[in-house]
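Student: I would like to go through the labels attached to this structure and ask what each one rests on. Please show it first.

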Amino acid sequence: MGETQGELGGHPDRLRWNAKYADYEGRPFAPHPLADAALAMALPAGPVLDLACGPSGSALLAAADGRRVTAVDVSDVALELLDREARRRGVRDLLTLVHADLETWRAETTFAVVLCTGFWDRAVFEGVVGAVMPAGALGWEAFTMDARNERPRLPAEWCLEAGEPASLLPGDFTVVRQEEVPGGKRRMLARRA
Ligand SMILES: C[S@@+](CC[C@H](N)C(=O)[O-])C[C@H]1O[C@@H](n2cnc3c(N)ncnc32)[C@H](O)[C@@H]1O
């Protein structure tokens with residue numbers, strides 16, 4: 001499938017998400033709207049990073065666009081689904097699939113686009129923001145604190161505080177847009193100078 005970093009066998013997120021993806025077969029690999037928006041921007045040459053990628057239609061879209069993609073997830077089931085679909089579409093050579101926990105994974109290069117949808121960890125955000133190339137794009141979507149009204153068991157540390165993530169961007173980023181989306185989520189697209 002790809003490279004595995006660290007010992008993930010009993011990782012609770014791996015077990016939880018592997019179980020969720022167990023009956024994923026047959027679903028469409030739809031790109032996230034942030035991937036559509038980011039890839040439509042004037043971007044530098046360079047690869048795309050998709051964090052907490054899942055069976056990512058966004059990674060497939062970027063690869064179809066001719067970009068190299070690094071896709072990271074703690075779920076090996078998700079990465080296997082992505083692997084298979086990428087082979088079917090003839091873009092597998094453009095994908096680097098990394099089976100890792102984002103708490104410990106570190107970017108070793110820079111990317112024209114960094115995407116993360118459906119995952120929030122402030123330390124991960126702060127650790128990866130510097131991996132966006134000059135003139136590159138950063139797209140992020142995650143639950144806000146409001147989502148806890150409907151989902152009281154959602155841990156607060158998985159949720160964006162008011163103004164985040166835009167409020168956490170270094171000064172050389174400009175927010176293209178940040179908006180609330182249905183389901184108690186916030187979506188941000190930003191560009192580095
Ligand atoms: C809500 S899904 C989002 C998937 C995809 N990005 C999307 O927008 O459809 C959350 C993803 O985060 C991954 N994930 C959860 N905890 C993780 C961790 N600690 N390290 C890496 N990936 C993680 C899960 O395996 C799952 O694929």
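The dialogue below takes the labels one by one.

Tutor: Keep in mind that this is a predicted model.

Student: Why are H1 and H4 called oblique to each other?

Tutor: The axes of helix H1 (residues 12-21) and helix H4 (residues 76-89) cross at roughly 45°. Angles under 35 degrees would count as roughly parallel, and 65 to 115 as roughly perpendicular. The crossing of H1 and H4 fits neither range, and the pair is therefore oblique. The two axes come within 7 Å.

Student: Which residues of H1 and H4 meet?

Tutor: On the H1 side they are Trp17, Asn18 and Tyr21, and on the H4 side Asp76, Val77, Ala78 and Leu81. By class, this contact of H1 with H4 holds five nonpolar residues, one polar and one charged.

Student: What makes helix H3 largely enclosed?

Tutor: H3 spans residues 57-64, and seven of its eight residues are buried, so the rest of the structure largely encloses it. The buried ones are Gly57, Ser58, Ala59, Leu60, Leu61, Ala62 and Ala63.

Student: What covers the buried residues of H3?

Tutor: The cover includes helix H2 (33-39) and H4, together with strands E2 (48-51), E3 (69-73), E4 (95-99) and E5 (111-117). Just after H3, Gly66 takes a positive phi of about 95°.

Student: Which residues have the most contacts inside the largest nonpolar core?

Tutor: That core has 53 residues, and those with the most contacts inside it are Leu51, Ala59, Ala62, Ala71, Leu82, Val113 and Leu115. In soluble globular proteins, nonpolar side chains tend to be buried together. For Ala71, contacts beyond four places in sequence are Asp50, Cys53, Ser56, Ala59, Leu82, Leu95, Leu97 and Val98.

Student: Why does Ala52 count as buried?

Tutor: The label needs 20 or more other C-beta atoms within 10 Å. Ala52 has 23 such neighbours, so it counts as buried. Ala52 lies in the loop between E2 and H3, and its phi is near 50°, a positive value in a residue other than glycine.

Student: Which residues are closest to the ligand?

Tutor: Ala52 is one of them, along with Trp17, Gly54, Thr117 and Gly118, in a shell of 17 residues. The shell around the ligand divides into seven nonpolar, six polar and four charged residues.

Student: Why is Ala135 partly exposed?

Tutor: Ala135 has 14 C-beta neighbours inside 10 Å. Exposed would require 12 or fewer and buried 20 or more, so a value in between is partly exposed. Ala135 is found in strand E6 (residues 132-143). Phi of Ala135 is near 70°, positive although the residue is not glycine.

Student: How do you know that Glu141 is buried?

Tutor: Glu141 has 23 C-beta neighbours inside 10 Å, and the cut-off is 20 or more, so it is buried. Glu141 is also found in strand E6. Leaving out neighbours within four places in sequence, Glu141 is in contact with Leu34, Thr117, Gly118, Lys185, Arg186 and Arg187. The C-alpha atoms of Glu141 and Gly184 are separated by 10 Å, with their positions 43 residues apart along the chain.

Student: What makes Arg106 exposed?

Tutor: Arg106 has 10 other C-beta atoms within 10 Å, and 12 or fewer is the condition for exposed. Arg106 therefore meets that condition. Its place is in the loop between E4 and E5.

Student: Is Gly6 exposed, partly exposed or buried?

Tutor: Gly6 has 13 other C-beta atoms within 10 Å, so it is partly exposed. The limit for exposed is 12 or fewer. Gly6 sits in the loop between strand E1 (3-4) and H1. Not counting residues up to four places away in sequence, Gly6 touches Ala100, Asp101 and Thr104.

Student: And what puts Asp83 in the partly exposed class?

Tutor: Asp83, found in helix H4, has 18 other C-beta atoms within 10 Å. Buried would need 20 or more, so Asp83 remains partly exposed. Asp83 and Thr96 are 13 residues apart in sequence and 9.4 Å apart in space, C-alpha to C-alpha.

Student: Where is the peptide bond that is cis?

Tutor: The bond runs from Glu164 to Pro165, with omega near 5°. Pro165 is in the loop between helix H6 (147-150) and strand E7 (173-181).

Technical notes:
Residues are numbered from 1 along each chain as its sequence is written. This is a predicted model: local features need pLDDT of at least 70, side-chain atom pairs count only at pLDDT 80 or more; totals for chains, interfaces and linings use all residues. Axes are lines fitted to C-alpha atoms, for helices over the stretch in contact, and angles run from 0 to 180 degrees between N-to-C directions. Helices (H or I, at least four residues) and strands (E, at least two) are DSSP runs, numbered from the N terminus. Angles under 35 degrees count as roughly parallel, over 145 as roughly antiparallel, 65 to 115 as roughly perpendicular and the rest as oblique. Two residues are in contact if their C-beta atoms, placed from the backbone, lie within 7 Å. Ala, Val, Leu, Ile, Met, Phe, Trp, Tyr, Cys and Pro count as nonpolar, Asp, Glu, Lys and Arg as charged, and the others, Gly among them, as polar. A residue is near a molecule or strand if its C-beta atom, placed from the backbone, lies within 6 Å of it. A nonpolar core is a set of buried Ala, Val, Leu, Ile, Met, Phe, Trp, Tyr and Cys residues joined through C-beta atoms within 7 Å.
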